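Please keep the structure open while you read this note, and look for each residue as it is named. The points below are written as a colleague's remarks, to be taken one at a time.

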Amino acid sequence: MQEQLIKWLNTLKGQTISRLAPTPSGFLHLGNGMNLAITWALSRATGGKLILRIDDADRSRLKPIYVEQLFVDLDYLGLDWDEGRSEEHTSELQSHSDLVC
């Protein structure tokens, strides 16, 4: 099974586009951390592109501290991405939060 998975992953080299899409409605928990790490590992193993999309659909629970801590957590886990939001966008999410709070 493992050999088949490795063979399949090798066929995807440079073709994959994955995304990390955490919701900043609370602090990162173990399940989400594992999901982010697995998605990152598969993307990097296949030489694909990884996009970070901060999911702000649940604006009633979005808090700036959750967004800020998310970047700290991603850095701590050693996860990087090729496109998407960065810490500079935290103030933009703050303005979204202000609209609904």
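1. In this predicted model, the side chains of K49 and E83 meet in a salt bridge, with a distance of 2.9 Å from N to O. This pair links distant parts of the chain, since K49 belongs to strand β2 and E83 to strand β3, and the two residues are 34 residues apart. Both partners count as partly exposed, K49 with a relative accessible area of 31% and E83 at 37% relative accessibility.

2. How many salt bridges does a search of the whole structure find? The search finds three, and besides the pair just described they include one between the side chains of D80 and R44, at 3.3 Å from N to O. Because D80 lies in the loop between α3 (64-77) and β3 while R44 lies in helix α2, this pair ties together parts that are 36 residues apart in sequence. D80 is partly exposed, with a relative accessible area of 39%, and R44 also counts as partly exposed, at 26%.

3. The side chain of R44 also meets that of D82 in a salt bridge, here at 3.0 Å from N to O. Once more the pair links distant parts of the chain, with D82 in the loop between α3 and β3 and R44 in helix α2, 38 residues apart. D82 counts as partly exposed at 43% relative accessibility. Through shared partners, salt bridges join R44, D80 and D82 into one network. As a reminder of the principle, side chains of opposite charge can pair when their charged atoms come close.

4. Turning to the sheet, the model has an open sheet of three strands in the order β1-β2-β3, and the pairing is parallel. The strands β1 (17-20) and β3 (83-84) stand at the edges, where each has a single partner strand, so one side of each is left without a neighbour in the sheet. It may help to recall that strands of a sheet pair through backbone hydrogen bonds, either parallel or antiparallel.

5. Between β1 and β2 the parallel pairing extends over four bridges. Within this pairing, S18 stands opposite L50 in β2, and I17 stands opposite K49 in β2, K49 being the residue whose side chain meets E83 in a salt bridge. The chain crosses from β1 through α2 to β2, and this β-α-β crossover is right-handed.

6. Which side chains of β1 are buried, and which are not? They alternate along the strand, so that S18 and L20 point to one face and are buried, whereas I17 and R19 point to the other face and are not buried. Helix α2 lies across β1 and β2, and runs at about 155° to β1.

7. The last residue to examine is T46, which is found in the loop between α2 (30-45) and β2 (49-52). Is T46 buried or exposed? T46 counts as buried, because its relative accessibility is 2% and the cut-off for buried is under 20%. The side chain of T46 reaches the backbone oxygen of L42 at 3.0 Å. Leaving aside residues up to four places away in sequence, T46 touches L9, L12, K13, G14 and T16.

Key. Residues are numbered from 1 along each chain as its sequence is written. This is a predicted model: local features need pLDDT of at least 70, side-chain atom pairs count only at pLDDT 80 or more; totals for chains, interfaces and linings use all residues. Side-chain values use heavy atoms; hydrogens and water are left out. Buried means under 20% relative accessible area, exposed over 50%, partly exposed in between (1.4 Å probe, protein chains only). A polar contact is a pair of N or O atoms within 3.5 Å; within protein, one must be able to donate a hydrogen and the other to accept it, and residues adjacent in sequence count only if both atoms are side-chain atoms. Contact means heavy atoms within 4.5 Å. Two strands pair if DSSP finds at least two bridges between them. Axes are lines fitted to C-alpha atoms, for helices over the stretch in contact, and angles run from 0 to 180 degrees between N-to-C directions. A salt bridge is a side-chain nitrogen of Lys or Arg within 4 Å of a carboxyl oxygen of Asp or Glu. A crossover is right-handed if, with the strands pointing away from the viewer, the path from the first strand over the helix to the second runs clockwise.
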